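Let's walk through this one together, question by question. Take a look at the sequence and the fold first.

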Amino acid sequence: MLESYVTPLLMSYVNKYIKNLKPSDLQLSLWGGDVVLSKLDLKLDVLEQELKLPFTFMSGHIHELRIHVPWTKLGSEPVVITINTMECILKLRDGAQDDHESGSSSTSRSVSDSSKAIARPRRIQQAAPSDPDLPPGYVQSLIRRVVNNVNIMVNNLILKYVEDDIVLSVNITAAECYTVDDMWERAFMDITAPELVLRKVINFADCTVCLDKRNASGKIEFYQDPLLYKCSFRTRLHFTYDNINSKIPSVIKIQTLVESLKLSITDQQLPMFIRILELIIALYYGEIGGHKDGEGEEGSGHVKEAALNLTGMDVDMESPGSSPDIYMHSGSSPGEQDEGWVSWAWSFVPAIVGEEEEGEDLYQEQEEGGITKSPQHHTPKDPIVSIGFYCTKASVSFKLTETQSESSYYSPQKVKSKEVLCLEKEGITIEVLMMGEPFFNCQIGFVGCQALCLKSIMGVRDFEENMNRNEKDAVFFTCGDSLSSKGMTYLTNSLFDYRSPENNGVRAEFILDAANHKETYTEIAGMQRFGAFYMDYLYTMENSSGKAPWRSE
């Protein structure tokens with residue numbers, strides 16, 4: 001029975017993140033093909049351990065969870081997981097809480113790891129014995145196909161971040177993740193030779209970001225205009241494997257395209273926005289949320305080269321000491337040091353696509369007669385990770401607010417905002433390429449830019465006072481080209497470029513050494529692709545011990 005193999009796998013995922021579930025009821029519902037669970041509470045401690053964010057979850061709820069399993073067509077139709085209304089509230093993990101939990105977290109992790117090791121044979125015993133009618137390896141192949149084609153739909157996702165008097169909220173009306181074919185159309189696919197590729201798409205609809213200020217009682221008196229209002233975008237994921245049995249891809253490409261991005265910020269939101277930026281910078285440099293001064297100042301690694309290449313500027317930095325905190329802290333064991341955000345982000349690479357590893361091992365052991373074999377520990381090769389963000393048109397509007405009172409004395413006050421300055425850009429590209437911690441590259445550029453002044457500042461008359469005024473009269477700064485004349489060069493070699501290697505069945509090649517990188521990505525090449533602005537940041541590192549330095553092939 002296929003249910004005997006697939007049901008424990010689905011139950012393990014659901015029971016891992018949701019509180020107070022009865023496995024017996026869940027199992028019976030899964031065997032029926034549909035599960036509907038309402039008013040669920042998330043296991044916040046598990047989420048914090050899995051995500052390893054410098055934040056703590058204050059609350060997490062799911063209004064409704066639906067799971068549809070097409071048992072009769074499991075090999076050709078996807079399992080659909082639908083989440084209706086999910087809300088999570090986060091706050092920054094304070095130092096006292098961090099110090100208090102640092103000791104207990106390691107203990108809890110060791111206890112949880114040991115409990116998992118104890119529970120693992122129990123899960124194997126609870127599963128049904130191997131079906132003699134199923135050929136060897138069939139179950140493992142089926143599990144891989146099921147996991148690779150799971151459809152996840154989230155309706156009304158609400159995330160809130162609370163910091164002192166700041167409330168930052170993100171609301172996504174709908175998000176869906178599904179597997180696609182080589183034309184990026186929805187399909188039921190598997191990793192097959194010789195291509196050995198898995199493609200996925202994530203669509204986000206109506207994303208709204210709000211930044212408001214709350215009073216001492218925790219209530220928001222005046223709601224500001226949203227920073228971002230109903231923005232839709234799509235993300236393409238492309239995984240390339242070395243062989244059909246690989247559990248972690250050798251190349252990971254995650255790229256997002258936004259057709260129109262309209263941001264706005266008021267004079268009341270600007271101080272809060274700056275505070276959030278300062279918080280992000282402090283977290284990035286490890287000043288809060290983990291890194292302690294004095295750690296990782298001496299170690300075996302040293303920076304080989306960190307080059308910053310700007311249009312009209314060429315800066316090379318060499319340091320014989322340790323690497324910058326923003327990338328790597330060396331000199332301590334992994335258990336003793338606090339890692340920077342790059343190290344934290346890199347720790348997610350196996351988790352992005354390696355969730356099925358535990359399930360596959362479970363069923364592999366089951367097919368071998370229920371005998372648990374100790375896993376063989378080996379150091380896998382670091383995969384190549386390419387992350388990209390592309391925007392066709394983007395605008396940032398700066399507004400001034402004024403309070404208006406209603407005619408009645410007891411009526412609430414209203415806040416009205418007027419746009420005074422607008423910055424518009426076309427053809428924006430942000431690309432990041434990583435291979436382990438020794439190599440990091442970030443390139444930023446845009447095709448065109450112009451600034452418009454809509455009020456009587458900077459020598460430009462008030463736009464509202466002259467009704468016959470052309471919008472071009474408000475432009476006081478412009479640079480670069482337009483997309484109509486430049487073309488779609490900002491999408492070159494991306495997953496959204498039909499000429500890219502991945503969209504033509506060819507494995508992409510990456511430049512992963514400093515010498516070739518400097519020869520290829522010059523200022524001339526950058527300006528030919530963009531035209532208005534181009535920045536290239538390169539970070540490489542080599543090992544100073546007696547071992548051979550890291551090399552890229």
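Q: Is Lys39 buried or exposed?
A: In this predicted model, Lys39 has a relative accessible area of 73%. The scale calls a residue buried under 20%, exposed over 50% and partly exposed in between, using a 1.4 Å probe and protein chains only. At 73%, then, Lys39 is exposed.

Q: What is the phi of Lys39?
A: First, some ground rules: as the model is predicted, local features need pLDDT of at least 70, side-chain atom pairs count only at pLDDT 80 or more, and totals for chains, interfaces and linings use all residues. Residues are numbered from 1 along each chain as its sequence is written, and side-chain values use heavy atoms, leaving out hydrogens and water. Lys39 sits in strand β1 (residues 34–41); helices (H or I, at least four residues) and strands (E, at least two) are DSSP runs numbered from the N terminus. Though Lys39 isn't a glycine, its phi is positive, at about 50°.

Q: Which residues does Ser38 touch, not counting residues up to four places away in sequence?
A: Ser38 is also a β1 residue, and with 45% relative accessibility it counts as partly exposed. Its C-alpha lies 4.3 Å from that of Glu64, although the two are 26 residues apart along the chain. Taking contact as heavy atoms within 4.5 Å, the residues that Ser38 touches are His63 and Glu64.

Q: What value does phi of Asp206 take?
A: Asp206 belongs to strand β6. The residue is partly exposed, with a relative accessible area of 27%. It's another residue other than glycine with a positive phi, here near 55°.

Q: Which residues does the cis peptide bond join?
A: Look in the loop between β5 (166–180) and β6 (197–213), where you'll find Pro194. Omega there is about 0°. The bond joins Ala193 and Pro194.

Q: Which residue just after α3 takes a positive phi?
A: Helix α3 covers residues 44–51, and its buried residues are Leu44, Val46, Leu47 and Glu48. Those buried residues pack against α1 and β2. Just past the helix, phi turns positive, at about 55°, in Lys52.

Q: At roughly what angle do the axes of helix α1 and helix α5 cross?
A: Two packed helices are described by the angle between their axes and the distance between the axes. The axes here are lines fitted to C-alpha atoms over the stretch in contact, with angles from 0 to 180 degrees between N-to-C directions. For α1 (residues 3–17) and α5 (residues 138–148), the axes come within 11 Å and cross at roughly 45°.

Q: Which residues of α1 and α5 make the contact?
A: The crossing of α1 and α5 is right-handed, meaning that the near helix is turned clockwise from the far one by less than a right angle (anticlockwise would be left-handed). On the α1 side, Tyr5, Val6 and Leu9 make the contact. From α5 come Val139, Ile143 and Val147.

Q: How far apart in sequence are the parts that the pair of Phe55 and Tyr161 ties together?
A: A search of the whole structure turns up 5 aromatic pairs, where ring centres of Phe, Tyr or Trp (its six-membered ring) lie within 6.5 Å, with planes under 30 degrees apart stacked, over 60 edge-to-face and the rest tilted. Phe55 and Tyr161 form an edge-to-face pair, 5.4 Å centre to centre with 80° between the planes. Both residues are buried. Since Phe55 lies in strand β2 (residues 55–68) and Tyr161 in strand β4 (residues 151–163), the pair ties together parts separated in sequence by 106 residues.

Q: Which strand holds Phe533, the partner of Phe446?
A: Phe446 and Phe533 are stacked, at 5.4 Å centre to centre and 15° between the planes. Phe446 is buried, with a relative accessible area of 12%, whereas Phe533 is partly exposed at 28%. Phe446 lies in strand β13 (residues 439–453), so the pair ties that strand to a part 87 residues away in sequence, and Phe533's strand (residues 533–543) is β15.

Q: Over the face of which residue does Arg186 lie?
A: A charge counts as over a ring if NZ of Lys or CZ of Arg is within 6 Å of the ring centre and within 35 degrees of the ring normal. Arg499 lies over the face of Tyr498, at 5.6 Å from the ring centre. Arg186, at 3.9 Å from the ring centre, lies over the face of Tyr178.

Q: What percentage of the residues in the chain is buried?
A: The chain has 12 helices and 15 strands. Of the contacts between residues at least 6 apart in sequence, 69% join residues at least 24 apart. Out of 553 residues, the buried share is 41%.
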